[in-house]
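Reader: Could you take me through one part of this model in detail? I would like to look closely at a single strand and its surroundings, and then at how that part fits into the whole.

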Amino acid sequence: MSQVLKFTKIQELIYELPIERVMKKNVIKVSPDTLMTELKEVLRINRISGVPVLEEGHLVGVISIEDLIKALVEGDTQAPVKKRMATKPITVRESDSVVEAVKKFTQYKVGRLLVVNDQGELAGILTGGDITRGLLEAISLDYHAEEISRYRAKHIFEDIVSDQTSLILRYSVKSKDFKSGGRASSKLKRALDRLGAIPEVIRRVAISAYEAEMNLIIHADEGGELIAEMQPDVIRITVSDHGPGIPDVNRAMSPGFSTAPNWIRELGFGAGMGLANIKKCADYMKLESQAGVGTQLEIVIYLKPDSSDETTPSEEKKQELS
Amino acid sequence: MISLREVIEKLKVEPLTSNQSLDHQVASGYASDLLSCVMKGAKKDAIWITLQSHLNVVAVASLLGLSGVIMTEGNRPDPETLAKAENEGVILMVTPKTTFTVVGELTSLGLKGEAEER
């Protein structure tokens, strides 16, 4: 999965990164009247393979080392640059994304592109190497930022000291909003990932949060709220709504029992497995409901593999129904 | 293990998500149209075969870290679902074949239907 994400990240960057972020701004240029022999020195001293040609600030052409070699071969070294330059340089705009430059490189098979601003004035120069370097820098910045936020998140419980520190995340879930199905649980999953939780535990949290979230979407008259309280070693998810309530909690818990209407079943929900799945994933689960009033579901999952034995009396691990 | 690319080539299913890598390895297979069953049974890196083609398929696949989803019998996701899949890094494929046929073909490629044990 991480490979997929990294790959996508580069592609995203190619589309997002403007050319001005990767181009070289210090452009060495020559005038149309510069002689080819002078050009040779400019290229040699600066170790470059081509330069734009400017006349009174306006871009009039581009001349490269290949043009110089041809001039040398033909003994035309005293000619002015304007005689041998390419007059229609390939340009890109500085505000364009890097992908535009990549396209032009492929299309015209040139070694460099001249970058112009919105007024058509020369703003920089761009080679394939600049793009590679720019992308690598952007990725490492991005990676660095992600690392920092991960590091900070992981140490939040050490950095902020109290007798008992909790991080509380609240998600409100709308009734019948199937399009947002999984939104809260995805965000919760990402938060746990940042906090450095164990993948197996994250998976159990994600599954139980998803089932609880879908229950609110499918069944709750006015939607409801999913509150996740995180402590260093435990997560407690409380899911509550204001109706319709479950008339028979024991029956609702039995696998395969569902009250979902047909149109919801056609979407693949209403298998009657939701609460059973939560029970399987949770270390502790408590479901309270009153018909006509509302339902409250509490899910507890220990974030560290051994903490359940230390902190919980074994009878409390069983689900409680009332 | 085989790659998604191999699955796509051998089964001639059509990948819909454009900007995802197809080198992702497929560890096992799971077939169901009931999302909670998938939640319960599909393992990480499994390929999921289903008739369903709506938005929540992407949510389930993403939450479980599945390697890909094959939508059978010509069911196709709408643009919104596709956009979400691209965004979440979920690979969607479609085929006119039935779920039964696809599962049979995957089995003959050596994929097993190991269900998550919990």
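Author: Happy to help; here is a close look at strand β4 of chain B, followed by its chain, the contact with chain A and two spots in chain A. Please keep in mind that this is a predicted model.

Let's start with the strand itself. Strand β4 of chain B covers residues 28-31, and its side chains point in two directions: B:S28 and B:Y30 go one way, while B:G29 and B:A31 go the other. In a regular strand, side chains alternate between the two faces of the sheet. All four of these residues, on either side of β4(B), are buried.

Next comes the partner. β4(B) pairs with strand β5 of chain B, residues 46-50, in the parallel sense, and 4 bridges join them. If you would like one bridge to find on screen, go to B:G29, whose bridge partner in β5(B) is B:I47. Helix α2 of chain B, residues 35-41, joins the picture here: β4(B), α2(B) and β5(B) form a right-handed β-α-β unit.

Now step back to the chain around this unit. Chain B has 5 helices and 7 strands, and from the N terminus they follow the order β-α-β-β-β-α-β-α-β-α-β-α. Chain B has 118 residues, of which 48% count as buried. Among its contacts with a separation of 6 or more, 51% are between residues 24 or more positions apart.

The helix of our unit also leads to the other chain. The contact between the chains takes 22 residues from chain B and 26 residues from chain A. On the chain B side, α2 and α3 (55-64) are the elements that give two or more residues. That side of chain B divides into 7 nonpolar, 11 polar and 4 charged residues.

Finally, two places to visit in chain A. Helix α9 of chain A, residues 199-219, has 21 residues and reaches 30 Å from first C-alpha to last, close to the 30 Å expected at 1.5 Å a residue. Because 18 of its 21 residues are buried, α9(A) is largely enclosed by the rest of the structure. The other place is A:R150, which lies in helix α6 of chain A, residues 128-154. A:R150 has 14 C-beta neighbours inside 10 Å, so it counts as partly exposed. A:R150 and A:R194 are 44 residues apart in sequence, yet their C-alpha atoms are 5.0 Å apart in space.

How values were computed. Residues numbered from 1 in each chain as written. Chains lettered and ligands numbered in written order. Predicted model: local features only at pLDDT ≥ 70, side-chain atom pairs only at ≥ 80, totals over all residues. Buried ≥ 20, exposed ≤ 12 C-beta atoms within 10 Å, placed from the backbone. Pairing = 2+ DSSP bridges. Right-handed = clockwise from strand over helix to strand, strands pointing away. Contact = placed C-beta atoms within 7 Å. Nonpolar A, V, L, I, M, F, W, Y, C, P; charged D, E, K, R; others polar. Expected span 1.5 Å × (residues − 1).
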